[in-house]
Amino acid sequence: LAVVDIAYQWALGRPGYALGRIMEMLGAEGTGKTTNFYSLIRLFFDAGGVGAMVETELALSKEQMKMILGPHYRDFEGLFNQPKSFEKGINMLIKYLQMFKKIDPKNEIPKILVYDTLAGAGVEAVYSEADFDSGKMAQGGIAAKARILAGSIDVIKTLAAETNTLVIFGNQAKQKIFTGAASLVRRAELDTIGGQGGKSLDFFTTYWDYLKRGSVYKNSSGEKRGFYVSHTFKKNKLRAPYRKFEMIVDFDAGVRFDKPTVEVLTNSGVCGIKKLKGGYYVCEERGISVNGEMKCGELYEAIHSPEHIGWFASKFDILYPPGADQVIYPVSWKGRVPDINPGESGRADAGTYEPEDGEEDETS
């Protein structure tokens, strides 16, 4: 299923996620994991698919859900479950996958299933009923969770593949303590990040996405209305690991990619995009001339249209599978598909956009 942003595609190494796989999304509290989950679920619904979610932190924000899901909120509301324990959450996950198998036996629609989060759920085998009421449930039980998940992961993996469902486990990031072999070269931050759930989840995971909160995002009036978040795919069985992209968690609009991605494309130097005074951009190679210069948001929309996205993809070594019918494109394209062989690949390193703290937004 194609994601909507070309820097996001570059991090994946292809237009979007392969369905039928397991993904682990890690990040500290407040890094936008839940907002990102809702945005991905919206993407699946927009594509004519379905999404469900198991949420064990009991931290539901209906207003946020309504804002991001939009017209799909009512459909999603019936597929949202908040069990009290880790065991019940895993059982609910399996039940949703079995339901997907019944409602779509020919796998004709894309499906997504989210567990949010492993850290936020307590384990019945460890805690008493009184602990449920006192709130102790979220304070421990890591080893018990790992055992439970290890006993269920084979079933979840098999059902995910059978139903073409992207299964995502949200996870609180934690530090691992390493002993010995201190001289080994490590990627200093990412190689010390782990999550709850044990090695079985890591082994079966196709995508391992680490979220880190960055600078404050301000709107055009100078108000603080969100923050930047970086995504780094440490593990990506489909393509090169350690690729990174940025997004904005906008309190008024959910997830946005426009400014970080346009800056990355401009700074890469391989797309011919130039930034002019007043926050305008031109790209003469794609017919966006000085006489028709665009603001950041307008250029972003043009880049992500079926007329242009294939050309930009070729510059960043984004591989499309043979046959356009193997990719589910955005519904806004109304059945049109991009040119998947637009020319020689520039094999550019997209790099990343690092905004200054408190930087003001320039998008239109």
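User: What span should the 14 residues of helix 2 (residues 33-46) have at 1.5 Å a residue?
Analyst: This is a predicted model, where local features need pLDDT of at least 70, side-chain atom pairs count only at pLDDT 80 or more, and totals for chains, interfaces and linings use all residues. Residues are numbered from 1 along each chain as its sequence is written, and side-chain values use heavy atoms, with hydrogens and water left out. Helices (H or I, at least four residues) and strands (E, at least two) are DSSP runs, numbered from the N terminus, and the expected span of a helix is 1.5 Å times one less than its number of residues. In helix 2 the end C-alpha atoms lie 20 Å apart, which agrees with the expected span of 20 Å.

User: Why is helix 2 said to be largely enclosed by the rest of the structure?
Analyst: Buried means under 20% relative accessible area, exposed over 50%, and partly exposed in between (1.4 Å probe, protein chains only). Among the buried residues of helix 2 are Phe37, Tyr38, Leu40, Ile41 and Phe44. Helix 2 is largely enclosed because the buried ones number eleven of its 14 residues.

User: Which residue with a positive phi follows helix 2?
Analyst: Look just past the helix for a phi near 85°. The residue there is Gly48.

User: Is Gln64 buried or partly exposed?
Analyst: Gln64 sits in helix 3 (residues 62-69). Counting contact as heavy atoms within 4.5 Å, and skipping residues up to four places away in sequence, Gln64 touches Thr34, Thr35 and Tyr38. Its relative accessibility is 21%, so Gln64 counts as partly exposed.

User: How far apart are the C-alpha atoms of Gln64 and Asp252?
Analyst: Along the chain, Gln64 and Asp252 are 188 residues apart. Their C-alpha atoms are separated by 9.2 Å.

User: How are helix 5 and helix 7 oriented to each other?
Analyst: Axes are lines fitted to C-alpha atoms, for helices over the stretch in contact, and angles run from 0 to 180 degrees between N-to-C directions. Angles under 35 degrees count as roughly parallel, over 145 as roughly antiparallel, 65 to 115 as roughly perpendicular and the rest as oblique. The axes of helix 5 and helix 7 (residues 142-163) come within 10 Å and cross at roughly 10°. Helix 5 and helix 7 are therefore roughly parallel.

User: How many nonpolar residues are in the contact of helix 5 with helix 7?
Analyst: Ala, Val, Leu, Ile, Met, Phe, Trp, Tyr, Cys and Pro count as nonpolar, Asp, Glu, Lys and Arg as charged, and the others, Gly among them, as polar. The contact includes Ile90 and Leu93 of helix 5 and Ile148 and Val155 of helix 7. Besides three polar and four charged residues, the nonpolar ones number twelve.

User: How are helix 9 and helix 10 oriented to each other?
Analyst: Helix 9 (residues 258-268) and helix 10 (residues 296-303) pack with their axes 9 Å apart, at an angle of about 75°. Val262 and Leu265 are among the helix 9 residues that meet helix 10, where Leu299 and Tyr300 are among the partners. The two helices are therefore roughly perpendicular.

User: What is the mean pLDDT of the protein?
Analyst: pLDDT is the predictor's confidence in each residue, from 0 to 100. Over residues 342-364 pLDDT stays under 50, and residues 177-186 also have pLDDT under 50. Still, 82% of the residues reach 70 or more, and the mean is 83.
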